[in-house]
Amino acid sequence: NINTYNLEYWKEPNLSNCYLAGNIGADGCLIEKDGRYSLCLLVAEKDQCMIDNYIRELNFSGSKRIRKNTSFPGQKQNYCCYLRFSAFKKNSEYLKQYFNIVPQKTHRLGPTNLNNNYLNLAYLMGYWDGDGTICVSISKKWNYKNLSFSCVSCSRAIMDWMKEMIDRNFSIDSNR
């Protein structure tokens, strides 16, 4: 049973594939074993719409899988949605070329190599959907709402790049 998909989806960066590359930078797992590459995606069952995006965008003929999440023993039983792309060598080369996404990227992930601000912002949005949080806090005492953004990463380079992108594109002076 062989599943098909676009083997060169990331060949030419565009808004959609840059967004998904950002999401892979946050939550994807690129695996290389004996010169063969695969991409694994795992999200909480409630976030399976992200997996649906990959299926649609890459014209994947296979299906997602729902399974018990055994990552955290002792916690309430929950489920996750899982998808794996095999024969991922060409796409892995494009992810490395444009986005510095490589196997075992956790501490090594760097900023993109793109010179297009819109494509970089699409990547940032995808990353944020994977490892970021946006929340509104309300102060009844001072009668105001505060919007805050936070993001996590083990890579200092990607965090510095994201801060620079946000400062450049969303300065406080232009957004008050």
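Helices (H or I, at least four residues) and strands (E, at least two) are DSSP runs, numbered from the N terminus. The exercises below concern a predicted model, in which local features need pLDDT of at least 70, side-chain atom pairs count only at pLDDT 80 or more, and totals for chains, interfaces and linings use all residues. Residues are numbered from 1 along each chain as its sequence is written, and side-chain values use heavy atoms, with hydrogens and water left out.

**Exercise 1. Describe the chain as a whole: how many helices and strands does it have, and in what pattern do they follow along the sequence?**

Solution. Begin with the secondary structure, which comes to six helices and six strands. Next, read along the sequence, where these elements follow the pattern α-β-β-α-β-β-α-α-β-β-α-α. For the extent of the chain, take the C-alpha trace, which spans about 60 × 45 × 30 Å along its principal axes. Finally, turn to burial, where buried means under 20% relative accessible area, exposed over 50%, and partly exposed in between (1.4 Å probe, protein chains only). Of the 176 residues of the chain, 36% count as buried.

**Exercise 2. Examine the salt bridges in helix α5: which residues pair, and how far apart do the partners lie in the helix?**

Solution. A salt bridge is a side-chain nitrogen of Lys or Arg within 4 Å of a carboxyl oxygen of Asp or Glu, and a search of the whole structure finds seven of them. Take Arg-156 and Asp-160, which form a salt bridge whose closest N and O atoms are 3.1 Å apart. Both residues lie in helix α5, four residues apart, which is about one turn of the helix. Arg-156 is exposed, because its relative accessible area is 63%, whereas Asp-160, at 41%, counts as partly exposed.

Then take Glu-164 and Arg-168, whose side chains meet in a salt bridge of 2.8 Å, N to O. These two are likewise four residues apart in helix α5, so about one helical turn separates them. Glu-164 is partly exposed at 37% relative accessible area, and Arg-168 counts as partly exposed at 47%.

**Exercise 3. Explain why the salt bridge between Asp-52 and Lys-64 ties together separate parts of the chain.**

Solution. First establish the contact, in which the side chains of Asp-52 and Lys-64 meet at 2.7 Å, N to O. Then place the partners: Asp-52 lies in helix α2 and Lys-64 in the loop between α2 and β3 (65-69), so the pair ties together parts that are twelve residues apart in sequence. Last, check the accessibility, which is 28% for Asp-52, so that this residue counts as partly exposed, and 27% for Lys-64, which is also partly exposed.

**Exercise 4. Work out the lining of the largest pocket: which element gives the most residues to it, and what classes do its residues belong to?**

Solution. The search uses a 1 Å grid over the protein atoms alone, and a pocket is an open set of points where a 1.4 Å probe fits, with protein on both sides within 12 Å along at least five of seven lines; lining residues have an atom within 4 Å of a point. Grid points are joined across faces, edges and corners, and a volume is the space filled by probe spheres set on the points. By this reckoning the largest pocket has a volume of about 500 Å³. Of the 15 residues that line this pocket, the closest to its centre are Leu-124, Trp-128, Phe-149, Ile-166 and Phe-170.

Next, sort the lining by element: α4 (117-131), β6 and α5 (156-169) each supply at least two residues, and α4 gives the most, with five. For the classes, Ala, Val, Leu, Ile, Met, Phe, Trp, Tyr, Cys and Pro count as nonpolar, Asp, Glu, Lys and Arg as charged, and the others, Gly among them, as polar. The lining then divides into twelve nonpolar, one polar and two charged residues.

As a closing step, look again at Phe-149, which lies in strand β6 and, at 49% relative accessibility, counts as partly exposed.
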